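Here are my comments on the model you sent, as numbered points. Please read them with the structure open beside you.

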Amino acid sequence: MMGDGMVSMGSVIVKPNAKKIRRIYPKAIGEERTTDGSNGNGETNNNENEGTIVGFAGTTADAFTLLERLEGKLDEYPGQLARSCVELAKGWRTDKYLRRLEASLLVADKKASFEITGNGDVLESHDGVLGVGSGSNFAIAAARAQMDNPDLSAEDVAKKAMKIASEMCIYTNDQFTMEALAMVQEEKQEEEEEEDTKE
């Protein structure tokens, strides 16, 4: 997941290097949740392939409110990202206070990625490419155009797509931050593939 750093108020750039992507680590029993990889006892979790990655676009305060709600849903339904996202979207759509929040979230773990919107949508892309924010349509189109190139890694595709979006969208800059997870295929899909090769 990759994001730019642009924060604007109207036609003014307020901050060029904001961090719009966070990694949420699983909450251990009896410990405080952290976003820096520490376990609450000062020890750092060095495994870069753990947790859930969340990116946001829209009003910052609204996005952080939703992020806190998502953390609660991930604690309530550990290991069930899809259900956590659906429960967040249901609350976002039906709660009188949350309904007014103006932000969009991208959420990913090792198995799946979702876009969550205030309309109650929980979207999983058919090709693994998702985007939110002003320049998202440019970035999505550029990423899809490059996905067939076997010489490019997912990180390379994301960098090139974001670079193109930053050159086309006035609300997107080239101060990128990135968080990555190695995707894990579902065991069921792997078994099906093995059966297909046996036949």
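**Notes on the predicted model**

1. Start with strand E5: 6 of its 7 residues are buried, so E5 is largely enclosed by the rest of the structure. Keep in mind throughout that this is a predicted model. Buried here means a relative accessible area under 20%.

2. Strand E6 deserves a similar look. Of its 6 residues, 6 are buried, so E6 too is largely enclosed by the rest of the structure. Which residues cover the two faces of E6? On one side are Ala 103, Leu 105 and Val 107, and on the other are Ser 104, Leu 106 and Ala 108; all are buried.

3. Now place these strands in their sheet. The sheet is open, is built from 5 strands and has the order E4-E5-E6-E7-E8, with antiparallel pairing. Its edge strands are E4 (21–24) and E8 (122–123), each of which pairs on one side only. As background, the strands of a sheet pair through backbone hydrogen bonds, and they may do so parallel or antiparallel.

4. Helix H2, residues 81–94, packs on this sheet and touches E5 (52–58), E6, E7 and E8. The direction of H2 makes about 0 degrees with that of E7.

5. The pairings can be followed strand by strand. E4 and E5 run antiparallel and are joined by 4 bridges; in this pair, Arg 22 has Val 54 of E5 as its bridge partner. Between E5 and E6 there are 6 bridges, again in the antiparallel sense. Two positions to find there are Gly 58, which stands opposite Ala 103 in E6, and Phe 56, which stands opposite Leu 105 in E6. Both Ala 103 and Leu 105 belong to one side of E6, where they are buried.

6. How many bridges pair E6 with E7? E6 (residues 103–108) and E7 (residues 113–116) pair over 4 bridges in the antiparallel sense. A hairpin of 4 residues leads from E6 to E7. Leu 106 has Glu 115 in E7 as its bridge partner, and Leu 106 is one of the buried residues of E6.

7. Next, a pocket. The second largest pocket holds about 480 Å³ of space. Its lining has 23 residues, and the closest to the pocket centre are Thr 52, Pro 78, Gly 79, Gln 80 and Asp 109. Helices H1 (60–76) and H2 are the elements that give two or more residues to this lining. H2 is also the helix described above as packing on the sheet.

8. What is the lining of the second largest pocket made of, in terms of nonpolar, polar and charged residues? The division is 11 nonpolar, 4 polar and 8 charged.

9. Last, the whole chain. The protein has 5 helices and 9 strands, and along the sequence they follow the pattern β-β-β-β-β-α-α-β-β-β-α-α-β-α. There are 199 residues, of which 37% count as buried. Among contacts between residues at least 6 apart in sequence, 59% join residues at least 24 apart.

Definitions and conventions
Residues are numbered from 1 along each chain as its sequence is written. This is a predicted model: local features need pLDDT of at least 70, side-chain atom pairs count only at pLDDT 80 or more; totals for chains, interfaces and linings use all residues. Side-chain values use heavy atoms; hydrogens and water are left out. Two strands pair if DSSP finds at least two bridges between them. Contact means heavy atoms within 4.5 Å. Axes are lines fitted to C-alpha atoms, for helices over the stretch in contact, and angles run from 0 to 180 degrees between N-to-C directions. On a 1 Å grid over the protein atoms alone, a cavity is a set of points where a 1.4 Å probe fits but cannot get out, and a pocket is an open set with protein on both sides within 12 Å along at least five of seven lines; lining residues have an atom within 4 Å of a point. Grid points are joined across faces, edges and corners, and a volume is the space filled by probe spheres set on the points. Ala, Val, Leu, Ile, Met, Phe, Trp, Tyr, Cys and Pro count as nonpolar, Asp, Glu, Lys and Arg as charged, and the others, Gly among them, as polar. Buried means under 20% relative accessible area, exposed over 50%, partly exposed in between (1.4 Å probe, protein chains only).
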